Amino acid sequence: MVTQGTRRIPRAYSLYSKEAASLLGRLIRLHRIERRMPTKDLADRAGISRTTLRKIESGDMKCEIGLVFEVAALVGVPLFANTSQSPHDLREHIEARIALLPQSVRLGSGDVHDDF
């Protein structure tokens, strides 16, 4: 929620983000059930409550991303499946690409005056 004065405004998420969270939650549930792992066991291993696990599995956007990633890892959901690189190697590759880019992004000053 965003606070505006004394009024709280609900956070708006894009449809894409909601669908991604829902998909990840369903994948976590699928992997958990395929491994015949009860919710209590997975919640205990992740150090969270069963209620939080249910929220993760339902795609609740308010769950901490670290918790979601940890639960996904515990049940074997591949988070970056389009790559054969390990997360560590992928991060190093991305960091190398970022190092080649400018430190900040600024909008141009507007119109280009190229009439010499």
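1. The largest nonpolar core has 16 residues, among which I28, L42, I48, I56 and V71 touch the most other members. A nonpolar core is here a set of buried Ala, Val, Leu, Ile, Met, Phe, Trp, Tyr and Cys residues joined through side-chain atoms within 4.5 Å. Two or more residues are contributed to this core by each of α1, α2, α3 and α4, and α4 supplies the largest share, five residues. Helices are DSSP runs (H or I, at least four residues), numbered from the N terminus.

2. The model is a predicted one, in which local features need pLDDT of at least 70 and side-chain atom pairs count only at pLDDT 80 or more, while totals for chains, interfaces and linings use all residues. Residues are numbered from 1 along each chain as its sequence is written, and side-chain values use heavy atoms, with hydrogens and water left out.

3. One of the core residues named above, I48, has contacts with A43, L53, I56, L67 and V71, when residues up to four places away in sequence are not counted. Contact means heavy atoms within 4.5 Å.

4. Helix α4 (65-75) has a buried side and an exposed one. V68, V71, A72, L74 and V75 of α4 are buried. These residues lie on the same side of α4 because they cover an arc of only 160° around the axis, the arc being that of the directions from the helix axis to the C-beta atoms. I65 and A73, on the other side of α4, are exposed. Buried means under 20% relative accessible area, exposed over 50%, and partly exposed in between (1.4 Å probe, protein chains only). The cover over the buried residues of α4 includes α1, α2 and α3.

5. After α4 comes G76, which has a positive phi, near 90°. P78 belongs to the loop between α4 and α5 and is exposed, with a relative accessible area of 52%. P78 and I28 are 50 residues apart in sequence, and their C-alpha atoms are 9.9 Å apart in space.

6. L79 is also placed in the loop between α4 and α5 (87-99). The relative accessible area of L79 is 33%, so this residue is partly exposed. Together with I65, F69 and F80, L79 forms a nonpolar patch on the surface, with about 380 Å² of accessible area in total. Patches are made of residues with over 30% relative accessible area and no salt bridge; like charges are joined within 9 Å, and nonpolar side chains (Val, Leu, Ile, Met, Phe, Trp, Tyr) within 5 Å. Accessible areas come from the Shrake-Rupley method with a 1.4 Å probe, and for residues only the protein chains shown count as cover.

7. Side chains of opposite charge can pair when their charged atoms come close. With a salt bridge taken as a side-chain nitrogen of Lys or Arg within 4 Å of a carboxyl oxygen of Asp or Glu, the count comes to four salt bridges. One of them joins R29 to E57, with the closest N and O atoms 3.7 Å apart. This pair links distant parts of the chain, 28 residues apart, with R29 in helix α1 (residues 15-34) and E57 in helix α3 (residues 50-57).

8. The two partners of that bridge fall in separate accessibility classes: R29 is partly exposed, with a relative accessible area of 30%, whereas E57 is buried, at 4%. R29, R32 and E57 are linked in a network of salt bridges. Contacts of E57, not counting residues up to four places away in sequence, are with G25, R26, I28, R29 and R32.

9. Within helix α2 (residues 39-46), D44 and K40 lie four residues apart, about one turn of the helix. Their side chains meet in a salt bridge of 2.9 Å, N to O. D44 is partly exposed, at 48% relative accessibility, and K40 is partly exposed as well, with a relative accessible area of 45%.

10. In helix α5, E95 and R91 are likewise placed four residues apart, about one turn of the helix, and their side chains form a salt bridge of 3.6 Å, N to O. E95 is partly exposed, with a relative accessible area of 37%, while R91 is exposed, at 56%. An α-helix has 3.6 residues a turn, so residues three or four places apart point the same way.
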